[in-house]
Every structure is written in structure tokens, then in C-alpha cells.
Amino acid sequence: QAKLGGRNCYQLFDTSREKALQVFQRQLAAIKQAMERDEFCLYYQPKVDMQSDRVFGMEALIRWNHPTNGMLSPAAFLHQLAGTELELALDTWVIGHALQQLELWNEAGLKLQVGVNISPKHIKSAGFFADLSDALRRYDRVDPRQFQIEVLESGVLDDLATVSQVIQNCRDKLGISIALDDFGTGYSSLSHLRHLPIQTIKIDQSFVRDMIEDPSDHAIVEGVISLARAFKLEVIAEGVETERHKQALLELGCAKAQGYGIARPMPADKVHGWIRNYQR
Ligand code: C2E
Ligand code: MG
Ligand code: MG
Ligand code: MG
């Protein structure tokens with residue numbers, strides 16, 4: 001009797017796992033189809049200098065313009081791609097489209113830096129450097145110094161040697177720059193940071209959001225800013241939502257920022273008008 005119950009349980013578990021797998025495969029197929037049908041697009045969020053009110057760059061953020069569910073954020077679909085080939089395909093799509101957009105802005109006389117988010121797995125993969133240099137060759141009206149790769153701090157820690165080498169190559173051979181994204185959430189030690197040839201660190205939005213109310217978050221933000229200064233790195237605060245955030249960051253000597261308090265991510269065709277208005 002007990003044995004039978006156990007077996008039934010096992011079968012139940014087995015079919016639900018099979019179901020989950022089927023759902024997952026259906027979702028992957030849908031994403032693949034969406035790529036073929038060109039349903040993905042990039043939104044751009046401004047990076048500004050709060051001291052001078054200058055707009056110096058844009059971060060490309062992917063959206064899925066879903067035929068029935070509307071405009072989807074990466075949280076709704078990116079995790080499904082993790083570890084699959086499609087993840088790399090999507091990164092490649094993003095790099096190409098961001099470079100194409102940069103060329104258009106260059107032609108229109110708009111000089112910006114554009115950052116794209118690349119999955120840590122892709123950075124560590126063998127073909128990444130070749131993919132990237134191909135793309136930069138294809139869009140050769142872009143100055144590589146205008147192009148930045150953002151990679152999660154938490155995603156590089158398990159293989160620092162490889163990532164370091166890739167970043168060094170991107171810098172020396174391609175002339176692009178690298179930012180560590182969501183800095184402070186990955187627990188990288190100071191010695192790690194010293195060995196990563198990055199140019200920029202982006203303070204994670206969770207610390208910025210709470211820095212007004214929470215003294216420890218304020219201390220973390222302050223610490224990251226002085227760390228950046230000591231290492232001669234550029235520092236950008238993410239998640240700047242209010243006037244008080246802006247004031248607190250400026251007081252700590254961090255003028256570069258991104259956040260809803262400056263602008264939400266927007267379609268590429270809104271960028272020109274937004275900048276004109278902001279810098280007026
Ligand atoms: P991230 O690179 O750290 O990007 C910042 C995220 O915070 C964006 O969400 C942005 O819309 C949001 N954000 C900006 N300012 C504020 C603010 O003031 N308050 C709040 N609450 N949120 C703010 P989004 O676009 O949903 O992207 C989420 C994450 O998905 C990104 O985090 C990035 O890690 C990943 N991602 C986005 N686009 C791509 C992509 O093209 N490829 C890859 N591999 N990952 C991407
Ligand atoms: Mg980012
Ligand atoms: Mg971030
Ligand atoms: Mg993030």
C-alpha cells in the first residue's frame with residue numbers, strides 16, 4: 001500500500017515536471033518567434049550630469065512589444081533565456097541595434113555614449129570578443145569610445161580571470177568601455193575591483209532609493225563613491241527618483257545619475273526631443 005502510494009506520488013511529480021518543461025519550451029519558442037517577427041525593441045534611459053545638466057549617454061533597455069500582452073519588461077522574459085543559446089542571440093541583436101541607433105544619432109549631430117546590458121555568461125563565452133568586433137566593424141561610423149558594455153557585478157565574480165581578460169581586450173583592442181552594473185549587490189572585494197580593468201561603476205538603485213531614510217544605505221553610497229574616486233573610476237548612481245536623492249548625491253560628489261526622477265526609459269524617437277527640452 002505504502003509502496004503504491006509512493007509510486008503514485010512519483011508519477012505525479014514526474015508529469016508535473018514534464019508539464020513545466022513543456023511550458024518552458026513553448027515560451028522559448030515564442031521568444032524565438034518574436035525575434036524573427038522583430039517584436040523586440042530598445043528603450044533608452046538618459047544618463048545625465050546633474051551638475052551641468054548635460055546629457056552624456058543613454059542606456060539601451062530591451063522591451064518586448066508583445067502582440068497581445070503589450071510592452072513587456074525584461075523581468076517578464078529574460079530569465080527564461082538564461083543559459084540558452086537564445087540569450088546570446090538576443091545580446092547580439094541588442095548590440096547591433098544599439099550601434100545602428102548610435103550611427104543615426106551621430107548623423108543627426110547628437111553625440112552620445114550608449115550602454116548595453118550583456119549577460120555575464122555571454123561575456124565569458126568564447127565567441128563574445130569576435131561577435132563584438134564584427135558588430136563594431138559593421139557599424140564603423142560609431143566611435144568605439146561611444147560604446148559601453150554594462151555587466152552585472154554579481155555575474156563576473158565566479159570567473160574573474162576570464163572576465164578580466166575579456167574586458168582588457170575590449171578596452172585595448174576595440175576601444176570600448178565597460179561598466180560594472182548593480183554595484184554593491186555582488187560583494188566583490190576591493191582587491192577584485194583592483195584587478196578588473198573597468199571604467200565605470202553603477203551604484204545599485206536599492207542603495208540610492210533608501211539612502212535618505214537609511215543611514216547604512218547612505219554610508220554604502222558614500223563608500224562606493226569614495227572607492228570610485230580612489231580607483232579613478234567613473235561612478236553613476238542608478239534609481240535617482242527624487243529631488244532629495246539628487247541633492248544627497250551631489251553633496252557626496254556624485255553628479256552622474258540615471259533614474260525616473262530624471263527620465264524614464266523611452267523609445268528612440270523620443271530621445272532627441274527629450275534632450276532638447278532637458279538642456280534648454
Ligand atoms: P539595469 O541594467 O540595472 O537597468 C536599470 C533598470 O532599472 C531598468 O529596468 C530601468 O528601467 C529601471 N530604472 C531606472 N531608473 C529607475 C528608478 O528611478 N526607479 C526604479 N524603480 N527603477 C528604475 P528594466 O528596463 O526593466 O531592466 C531590468 C534589468 O534587465 C536591467 O537592469 C538589466 O539587468 C536587464 N536588461 C535590460 N535590458 C537588457 C538587455 O538588452 N540585455 C540583457 N542581457 N539584459 C537586459
Ligand atoms: Mg544596466
Ligand atoms: Mg543596474
Ligand atoms: Mg538591475
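Donors, in what follows, are N, O and S atoms within 2.8 Å of the metal, and since water is not among the atoms, a site may look incomplete. With that in mind, the tour can begin at the metals of this predicted model.

**First stop: the magnesium ion (ligand 2)**

Select the magnesium ion (ligand 2) and display the side chains around it, where E59 (OE), N117 (OD1), E150 (OE) and D181 (OD) coordinate the ion at 2.1 to 2.2 Å. Read along the chain, these donors follow the spacing E-x57-N-x32-E-x30-D. Distant parts of the chain are linked here, with E59 in strand 2 (residues 54-66) and D181 in strand 6 (residues 177-183), 122 residues apart. If you colour the chain by accessibility, E59 counts as buried because its relative accessibility is 4%, and D181 likewise counts as buried, at 5%.

**Second stop: the magnesium ion (ligand 3)**

Keep D181 selected and add the magnesium ion (ligand 3), since D181 bridges this ion and the magnesium ion (ligand 2), the two lying 4.2 Å apart. The protein donors of the magnesium ion (ligand 3) are D181 (OD), D182 (OD) and E238, the last of these listed with OE twice, and they lie 2.0 to 2.3 Å from the ion. In sequence, the donor residues of this ion are spaced D-D-x55-E. D182 lies in strand 6 and E238 in the loop between strand 8 and helix 11 (243-251), so this pair ties together parts of the chain that are 56 residues apart in sequence. The accessibility of the two can be compared in the viewer: D182 counts as partly exposed, at 23% relative accessibility, whereas E238 is buried, with a relative accessible area of 8%.

**Third stop: helix 3 against helix 5**

Leave the metals and select helix 3 (residues 85-107) together with helix 5 (residues 128-138), whose axes come within 10 Å and cross at roughly 25 degrees. Angles under 35 degrees count as roughly parallel, and helix 3 is therefore roughly parallel to helix 5. The crossing of helix 3 with helix 5 is right-handed. To see where they touch, show the side chains of T92, I95, L99 and E103 in helix 3, which meet F128, D131, L132, A135, L136 and R138 in helix 5. Sorted by character, the residues of this contact comprise 6 nonpolar, 1 polar and 3 charged.

**Fourth stop: helix 5 against helix 7**

Keep helix 5 on screen and add helix 7 (residues 160-174), where the two axes come within 11 Å and cross at roughly 25 degrees. Helix 5 is therefore roughly parallel to helix 7, and this crossing is right-handed. From helix 5, the contact is made by F128, F129, L132, S133 and L136, and from helix 7 by V166, N169, C170, K173 and L174. This contact of helix 5 with helix 7 divides into 7 nonpolar, 2 polar and 1 charged residues.

**Fifth stop: G155**

Now select G155, which has its place in helix 6 (residues 153-156). Is G155 buried or exposed? At 12% relative accessibility, G155 counts as buried. Leaving aside neighbours within four places in sequence, G155 is in contact with P120 and K124. A distance drawn between the C-alpha atoms of G155 and K121, 34 residues apart along the chain, comes to 7.7 Å.

**Sixth stop: two loops**

Move next to D38, in the loop between helix 1 (2-36) and strand 1 (40-49). The phi of D38 is near 65 degrees, a positive value in a residue other than glycine, and D38 counts as exposed, at 53% relative accessibility. Then select K232, in the loop between helix 10 (215-230) and strand 8 (234-237). K232 has a positive phi of about 55 degrees although it is not a glycine, and, at 75% relative accessibility, K232 counts as exposed.

**Last stop: the whole chain**

Finally, zoom out until the whole chain is in view, with its 12 helices and 10 strands. The C-alpha trace spans about 75 × 45 × 40 Å along its principal axes. Of the 280 residues in the chain, 48% are buried. Among contacts in the chain with a separation of 6 or more, residues 24 or more positions apart account for 69%.

Definitions and conventions. Residues are numbered from 1 along each chain as its sequence is written. Chains are lettered from A and ligands numbered from 1 in the order in which they are written. This is a predicted model: local features need pLDDT of at least 70, side-chain atom pairs count only at pLDDT 80 or more; totals for chains, interfaces and linings use all residues. Side-chain values use heavy atoms; hydrogens and water are left out. Donors are N, O and S atoms within 2.8 Å of the metal (3.2 Å for Na, K and Ca); water is not among the atoms, so sites may look incomplete. Helices (H or I, at least four residues) and strands (E, at least two) are DSSP runs, numbered from the N terminus. Buried means under 20% relative accessible area, exposed over 50%, partly exposed in between (1.4 Å probe, protein chains only). Axes are lines fitted to C-alpha atoms, for helices over the stretch in contact, and angles run from 0 to 180 degrees between N-to-C directions. Angles under 35 degrees count as roughly parallel, over 145 as roughly antiparallel, 65 to 115 as roughly perpendicular and the rest as oblique. A crossing is left-handed if the near helix is turned anticlockwise from the far one by less than a right angle, and right-handed if clockwise. Contact means heavy atoms within 4.5 Å. Ala, Val, Leu, Ile, Met, Phe, Trp, Tyr, Cys and Pro count as nonpolar, Asp, Glu, Lys and Arg as charged, and the others, Gly among them, as polar.
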